[in-house]
Amino acid sequence: MAKLQKAQQEEDAHHPISDPAVRLLCRHIYATSGQVIGSDQARSQLRSQIWSTCIMLNPPTLWITINPCNLHDPIAQVFAGEEINLDKFNSLLGPSKQKRAENVAADPYAAAKFFHFTIHTVLETLFGITASSQKVQTTGSIFRHVSAYFGVVESQA
């Protein structure tokens, strides 16, 4: 315990940690935290990958954030169990604004399915990107050929 307290004092004074065992522990913790999704280390690794990609392929031509709203989208309501005919959709029919919000709040899995469906549809339709857990394929799109993309999801507690 005394070694860790001394290391803390050294760090607080902005001095390098003098104990080799504590330095090794810090390296292991740093490396391990990189495997935790959403951790500071994991985000740092992603930033490094993005900058490396910029060096290899030039800076991004397009930088976008996709933020689908699941409260008012009829597809989200279908995922939540509402009976909506999307082939003959009428925006005046269906659940009220309050009921739509309740549906999404009551079924977080449906909200996640909607998000996943929307992101995959945008990637495939607009960018010609087909991504699976095994590989990523690109075809021509309205933006011509996509050299690289990063799909990072921001956690929202």
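Buried means under 20% relative accessible area, exposed over 50%, and partly exposed in between, with a 1.4 Å probe and protein chains only. By that scale, phenylalanine 79 is partly exposed at 26%. This is a predicted model: local features need pLDDT of at least 70, side-chain atom pairs count only at pLDDT 80 or more, and totals for chains, interfaces and linings use all residues. Residues are numbered from 1 along each chain as its sequence is written, and side-chain values use heavy atoms, with hydrogens and water left out.

**Aromatic pair**

- A search of the whole structure finds one aromatic pair (ring centres within 6.5 Å for Phe, Tyr and the six-membered ring of Trp; planes under 30 degrees apart are stacked, over 60 edge-to-face, the rest tilted).
- The centres of the phenylalanine 79 and phenylalanine 117 rings lie 5.8 Å apart with planes at 70°, so the pair is edge-to-face.
- Phenylalanine 79 sits in helix α4 (residues 74-79) and phenylalanine 117 in helix α6 (residues 108-127), so the pair ties together parts 38 residues apart in sequence.
- Helices (H or I, at least four residues) and strands (E, at least two) are DSSP runs, numbered from the N terminus.
- Phenylalanine 117 is also partly exposed, with a relative accessible area of 37%.

**Helix α6**

- α6 has 20 residues and reaches 27 Å from first C-alpha to last, close to the 28 Å expected (1.5 Å times one less than the number of residues).
- Its buried residues are Ala110, Ala111, Phe114, Thr118, Ile119, Val122, Leu123 and Phe127.
- The cover over these buried residues includes α4, α5 (97-106) and β1 (contact: heavy atoms within 4.5 Å).
- Glycine 128, just after α6, takes a positive phi of about 65°.

**Pockets**

- A pocket is an open set of points on a 1 Å grid over the protein atoms alone, where a 1.4 Å probe fits, with protein on both sides within 12 Å along at least five of seven lines; lining residues have an atom within 4 Å of a point.
- The largest pocket has a volume of about 2100 Å³ (the space filled by probe spheres set on points joined across faces, edges and corners).
- Of its 47 lining residues, Ile64, Tyr149, Phe150, Gly151 and Val152 are the closest to the centre.
- α3 (40-57), α6 and β1 (129-131) each give two or more residues to that lining.
- The second largest pocket has a volume of about 150 Å³.
- Its lining has 13 residues, with Phe89, Ser91, Leu93, Pro95 and Arg100 nearest the centre.
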